[in-house]
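Welcome! Here are a few exercises to work through, each followed by a solution in steps. Keep the structure open beside you as you read.

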Amino acid sequence: MSSRTLLRSLVAATAATAALGLSACGAVTSANGGSGGSDDGSFKLASYIQQRIDDGKPMRIKLSYHDPSLAFATPIGAGMKQAGKELGAETALIGPTGGDAAKQVSEIQTLIQQKAVDGLAVSSASSDALKPVIAQAHKAGIPLISFNTDNPGSEQMGFVGQDLKASGQDQATRLVKELGGKKGKVVVFSVDTGAGWSHDRFGGFKKGLAGSGLEIVGPVNVGNEPSAAYNTVESTMSGQSGVVAIAGLDCCSTTAAAKWVSRSGGKDAPMTVGFDLLPQTAEYLRDGVIDFTISQNPSKQGFEAVKVLHDFLTKGTEITGVNTGAQFVTRANLDEATVEK
């Protein structure tokens, strides 16, 4: 049976199941109109997308990243392009520079209205702000998943990325162990304290530090512009005493904090930990400025986001979550880790 015939069979079967009154959550049926949608809330693939599948046209899959200007977006884009090349899909990384949620919503709405996309993966600037437009895509019959940052409680069909709460807790647990009973302040930095991913990761971090006797300062918002981020770290640290550790919740607050530590330095410098493995982060690890970081494999996130949507569209494969995992990287295993270029 061809993939197109298989998809049509699956579509018919799920439609019949819904008609019998069973749960319609995640059901896949073929839309009658060009915009998709259904009265009972089940998912119906838009007829224009089904037509493109039937005609053998390449699937247009776009990844909306909350801020493509961040260094972390580069390996995501590389993974996305590799998947597009292997699967024969047309891919693009889009999103608002600076993490503007309203602009991200507007961009996605335009894609929906113009029927310019067959599958969407979204890493949201704000989970609350993105929920309505995710619902719009669902109603329009466009399969949509979240990647990198989850959107729980929305009408997304799945999530590809790291378990953010668990990774934050893992970071804190490892930090407590490395401190070996030291007591004092832990200053936490984030490029966007208002973002859902930051809330999740910080929530896990607090849980991991519970009962340790360590005092959390922050999270302090540094923004994503490197010089401004450094200045914020510098001004924050100048007003603190008794700091035993600094924790970054993302790639760029980690490097900003490490830059401050490398300049202020000395044997009494606080332990510094963070996330992601940019080239600069790797250098700070080699130099002993950063004690450990957690890689979340962004290239795999980009690749799997495309593959999950493409397999759903062309093979009828059920969409399930993909956990891209968490890897602790230290100076000792740095040569075995993949730097996020």
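**Exercise 1.** How many residues does the largest nonpolar core have, and which have the most contacts inside it?

*Solution.* Begin with the ground rules. This is a predicted model, in which local features need pLDDT of at least 70 and side-chain atom pairs count only at pLDDT 80 or more, while totals for chains, interfaces and linings use all residues. Residues are numbered from 1 along each chain as its sequence is written, and side-chain values use heavy atoms, leaving out hydrogens and water.

Step 1: fix the terms. A residue is buried under 20% relative accessible area, exposed over 50% and partly exposed in between, using a 1.4 Å probe and protein chains only. A nonpolar core is a set of buried Ala, Val, Leu, Ile, Met, Phe, Trp, Tyr and Cys residues joined through side-chain atoms within 4.5 Å.

Step 2: read off the result. The largest core has 94 residues, and those with the most contacts inside it are Leu63, Ile142, Ile145, Leu175 and Phe189.

Step 3: pick one of them. Contact means heavy atoms within 4.5 Å. Leaving aside neighbours within four places in sequence, Leu175 is in contact with Val186, Phe205, Ala245, Met271, Val273 and Phe292.

Step 4: put this in context. In soluble globular proteins, nonpolar side chains tend to be buried together.

**Exercise 2.** Find helix 9 and say which of its residues are buried.

*Solution.* Step 1: helices (H or I, at least four residues) and strands (E, at least two) are DSSP runs, numbered from the N terminus. The chain has 11 helices and 14 strands.

Step 2: check the length. The expected span is 1.5 Å times one less than the number of residues. For the 14 residues of helix 9 (residues 251-264) that should give 20 Å, and the end C-alpha atoms are 20 Å apart, which agrees.

Step 3: 10 of the 14 residues of helix 9 are buried, so the helix is mostly covered. The buried ones are Cys251, Cys252, Ser253, Thr254, Thr255, Ala256, Ala257, Ala258, Trp260 and Val261.

Step 4: look at the partners. The buried residues of helix 9 pack against elements including strand 8 (185-190), helix 8 (226-238) and strand 10 (243-248).

**Exercise 3.** Is Val187 buried or exposed, and what does Val187 touch?

*Solution.* Step 1: Val187 is found in strand 8.

Step 2: its relative accessibility is 0%, so Val187 counts as buried.

Step 3: not counting residues up to four places away in sequence, Val187 touches Val217, Thr236, Met237, Gln240, Val243, Ala245, Ile246 and Ala247.

Step 4: compare sequence with space. Val187 and Val220 are 33 residues apart along the chain, while their C-alpha atoms are separated by 7.9 Å.

**Exercise 4.** Find the backbone features at Pro219, Lys115 and Asn297.

*Solution.* Step 1: recall the background. Most residues other than glycine have a negative phi, and most peptide bonds are trans.

Step 2: a cis peptide bond joins Gly218 and Pro219, with omega about 10 degrees. Pro219 lies in strand 9 (residues 215-221).

Step 3: Lys115 is not a glycine, yet has a positive phi of about 50 degrees. Lys115 sits in the loop between helix 4 and strand 5 (119-122), and at 36% relative accessibility counts as partly exposed.

Step 4: Asn297 also has a positive phi, near 55 degrees. Asn297 is in the loop between strand 12 (292-295) and helix 11 (298-315), and is partly exposed at 31%.
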